[in-house]
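Hi,

Here is the structure I promised to pass on. Have a look at it first, and then read on for what turned up.

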Amino acid sequence: MPQYKVAIVGAGPAGYFAAMALQNLQTEELKFSIDMIERLPTPWGLVRSGVAPDHPKIKTVSKVFEKVANEPNFRLFANVELGSDLAIVQLKEKYDAVVIATGMALGKKLGIPGEDLLGSMSAATFVPWYNSHPDFKDENIDLSCDTAVVIGAGNVAMDVARILALEPSELDPTDTADHAIDAFKKSSVRAVVVSARRGPEHAAFTSPELRDLPKLEHTNVVINQADIEAAIARAGDTPEKDVKSNLDAMLLISEKEATHHERTMKFQFLATPTEIKGNGRVEEVVFQKTGSDETFSIKCGLVITAIGYEAASLEGIPYEKGKVVNSDGRVSESLYVVGWAKRGPSGVIGTNKSDAAEVMKLLVEDLGTPKNLGDITDVITHNRVVTQMHWQAINMAEVAAGEPLGKPRRKAVDREELLKLGRL
Ligand code: NAP
């Protein structure tokens, strides 16, 4: 019976859904052994370091990942980095197929003057910082200003703005990084402006996220009713379902009686950023009112851009416009790509399930005879590989540390600490 070896690089949602698809495609005649490689000491990708900590339900998908990981044909090789610990050519030599599932970790740039001033950063830095990503634990996020501007109108902008605008004790029962909770409790930020370059009818937020906003107990959420009414008029009689649902949710918020909390989250539509100004650090963002010559500015000390992501390139893999060059997930002979690295930074976590399943079908179609030329264990030279057993030790230790604090887990934030929890 042919037994094929597949290496999946990246232990995020796309990687796990690819593994799951391969497990589901097995038959009496077709078997896979799956090795998943991850550069961090922990798996789960964006479910661990991206999903907002005040949205714990979204993270329950990790149960699916663990089910996949506990199948006998699956092995985890975390704390192993493609590039420094092994090369893609080595994987291609040993495995019948290699699947790239490395996502997108770099924030897109606005390309406007002042973007690199102190106090201006991408959500690609801010989000992993509050989510305990080891590479971002030492970021110096200065929250000593009164006003923060978030640029972008997608769900990442929404997460960032909500985390900045909520009363920080609301984060106590979450798995937010301790260092971030401390910083939020000392934060002077009281006004958060979410700026969208187009109108409400074009916002990329999804309505469940909008409908969550009125549940914030200590934050005024402000949307100008006239903006939404104008957008409803522009959207016409038969707007798409998602647009209608978004506009309905925004109208509800705009109609809500004003509250007088100390903290405010405000939406500014039709605002195209043209410059970030400041003497050494951010002092204001200049906007053009989209579709007109009018300009205006917002004084602020913090700017976070949430305008999309692109992939950091890996040697031996072709990239174009921040994505892996591919045709329906095929990259080159025996090399495949799934998830954001394949299709760009779009969709919710579940989108990766059908996406990966389609690509794994192609992978199976392309299979020749099994290679039987060894595996990753012939190549890795260091002895600090986090296997599923080590990860389970880390996972259990984090959950146990969170329990007395009423948190789902207390994440370790330092690589060495994580490895120690894994008994490595
Ligand atoms: P996104 O949904 O693509 O939104 C990006 C936003 O940035 C858009 O509003 C876009 O406006 C704006 N933008 C792009 N370039 C800009 C520029 N130069 N100047 C000003 N604005 C600019 O991306 P995302 O928020 O990063 O989210 C990525 C994916 O993850 C999405 O599919 C999202 O739904 C998903 N996600 C889901 C959740 C959840 O389910 N709770 C949470 C987080 C993320 P234009 O439309 O005008 O281009």
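Salt bridges first: searching the whole structure, which is a predicted model, turns up 28 of them. One to look at is the pair Glu167 and Arg263, whose side chains meet with 3.7 Å from N to O. Glu167 sits in the loop between α6 (155-165) and α7 (178-186), while Arg263 belongs to strand β10 (residues 263-268), so this salt bridge ties together parts that are 96 residues apart in sequence.

Next, the domains. The chain splits into domain 1, made of 3-105 + 311-421, and domain 2, covering 108-308. Taken over C-alpha atoms, their centres are 31 Å apart.

How do the two domains touch? On the domain 1 side 23 residues are in contact, and they meet 25 residues of domain 2. Between them the domains bury about 2100 Å², with 50% of that on carbon and sulfur atoms.

There is a fair bit to see across that interface. Counting residue pairs in polar contact (both at pLDDT 80 or more) gives 12 between domain 1 and domain 2. The salt bridges across the same interface number 6. If you want one to zoom in on, try Arg415 and Asp135, whose side chains form a salt bridge at 3.2 Å, N to O. As for which elements are involved, α2 (46-49) and α14 (415-421) are the ones that give two or more residues to the side of domain 1 that touches domain 2. Sorted by class, that side of domain 1 has 10 charged, 9 nonpolar and 4 polar residues.

Last, the aromatic rings. The whole structure holds 13 aromatic pairs. What makes Tyr16 and Phe65 a stacked pair? Their ring centres are 4.7 Å apart and their planes lie at 10 degrees, so the pair counts as stacked. Tyr16 is part of helix α1 (residues 13-25) and Phe65 is part of helix α3 (residues 62-69), so the two rings tie together parts that are 49 residues apart in sequence.

That's what I have for now. Over to you!

Cheers

Notes: Residues numbered from 1 in each chain as written. Predicted model: local features only at pLDDT ≥ 70, side-chain atom pairs only at ≥ 80, totals over all residues. Heavy atoms only, no water. Domains from an automatic or database assignment. Contact = heavy atoms within 4.5 Å. Buried area = accessible area lost by both parts, 1.4 Å probe. Salt bridge = Lys/Arg side-chain N within 4 Å of Asp/Glu carboxyl O. Polar contact = N/O pair within 3.5 Å; in protein donor to acceptor, adjacent residues only side chain to side chain. Helix = DSSP H or I, 4+ residues; strand = E, 2+ residues; numbered from the N terminus. Nonpolar A, V, L, I, M, F, W, Y, C, P; charged D, E, K, R; others polar. Phe/Tyr/Trp six-rings, centres within 6.5 Å; stacked < 30°, edge-to-face > 60°.
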